[in-house]
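Thanks for sharing this one. Here are a few notes on the pocket and the ligand, to read beside the model.

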Amino acid sequence: MYRQDFPILGREVYKRPLIYFDNAATTQKPRCVVEAIDEMYYNVNANVHRGVHYLSQKATDLHEGAREKVRAFINARSTAEVLFTRGTTESLNLVAFSFSEAFLKAGDEVILTVMEHHSDIVPWQLVRDRKDIVIKVIPMNDRGDLDLEAFKALLNDRTRLVCCCHVSNVLGTVNPVKEISRLAHEAGAYVLVDGAQSVPHFPVDVQDIDCDFLTFSGHKIYGPTGIGVLYGKEELLNKMPPYQGGGEMISRVTFEKTTYERLPYKFEAGTPDYVGSYALGVALDYVQSIGMNKISALEHDLTQYAMERMREVEGIRFFGESAQKTSVVSFNVADIHPMDLGTLLDRLGIAIRTGHHCAQPLMQRCGVEGMARVSFALYNTREEIDAFIEALQRVVRMF
Ligand code: PLP
């Protein structure tokens, strides 16, 4: 129904119609987003914030307008709480650096989950090297649900921050982040939710979750690459030092001392990606014109249907069978190497992802080196899933 909005879906690969099932890695872009980027460069381009001239003011209005769209989209209290970054990874690194400078000392504890993406593990290891903090990990059961009892047992008076993906990019599990927030806050800790795989798929409300930080990437929600968001509670961001210096983040500079701009600019050094922010705003308008609840229902149906059909394949093993699951299905078939599966499906026009999915500790937990993964977006169809099953059966027969 929405396929005609995405020109790339009309192309062929290897003379076959493209079936794109790698949406957790990045989504395709609707025409309105591509046109927004064109429009910005053709008609508006000028550096933001600094100019008194017409184009600079116009670009600034569009950039700041996009910030307001993001604020409304995640229900932040104020645009001061919405920082533009290059993506989830940069947002996570910003928090790791800046939060740890303000709040962490040797012996303090940060809790992660076993299903975190490397982008929410490695920055904390860098902090551990710098600050001698302790990293603890929430385990999960075999269905891919976090063990909340084990989580409670990890919390203590040294816990400063709990970092949890809202949705696992491997298992598709939707984690109970509201409950996790409540428990963490009761223990006196702050909470970071990695929303890279949730914000594109269902309504996310930061006030309802009551998280202290939330991260997401534009390119996973039909927006451009190179733009992302960090939401942070104003009170916390005000206590944290800047992540990078230069450009718009200053109030006044002398060689003796620099004072910083107010939020959110304190954390936005250098020329921001105002083309990206504007196009991200257009992407958010696009998904809202469909409705996040509708997108969620559509993708839920595709996920259920895909798993049901995939069970027909002999030797299939799923990773992640939580009752709370969305749009990501990871699997292996018998002892076929996932890379072989992916390569052969590709020749049949079907794009899937294979490998460790930037979650090697989770691969270890599941006892595998890698997995194959299909992940869905609002433009996928049951017919594509049928074609995928036929192709998968064909590939499996070859082994
Ligand atoms: N966190 C999760 C759960 C992800 O799925 C991803 C990307 O796959 C990231 C973080 C990193 O996002 P990005 O590469 O856009 O910075």
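1. The lining of the largest pocket is made up of 16 polar, 9 nonpolar and 6 charged residues (Ala, Val, Leu, Ile, Met, Phe, Trp, Tyr, Cys and Pro count as nonpolar, Asp, Glu, Lys and Arg as charged, and the others, Gly among them, as polar).

2. A word on the basis: this is a predicted model, where local features need pLDDT of at least 70, side-chain atom pairs count only at pLDDT 80 or more, and totals for chains, interfaces and linings use all residues. Residues are numbered from 1 along each chain as its sequence is written, and side-chain values use heavy atoms, with hydrogens and water left out.

3. Of the 31 lining residues, Thr89, His117, Ser119, Lys220 and Cys358 lie nearest the centre of the largest pocket (on a 1 Å grid over the protein atoms alone, a pocket is an open set of points where a 1.4 Å probe fits, with protein on both sides within 12 Å along at least five of seven lines; lining residues have an atom within 4 Å of a point).

4. Domain 1 (3-29 + 291-398) and domain 2 (33-288) both contribute to this lining, so the largest pocket lies between them; the bounds come from an automatic or database domain assignment.

5. Now the ligand: its surroundings include Asn169, Asp194 and Ser217 (a heavy atom within 4 Å). A ligand oxygen lies 2.7 Å from a side-chain N or O atom of His219, and Lys220 likewise has a side-chain N or O atom 2.7 Å from a ligand oxygen.

How values were computed. A polar contact is a pair of N or O atoms within 3.5 Å; within protein, one must be able to donate a hydrogen and the other to accept it, and residues adjacent in sequence count only if both atoms are side-chain atoms.
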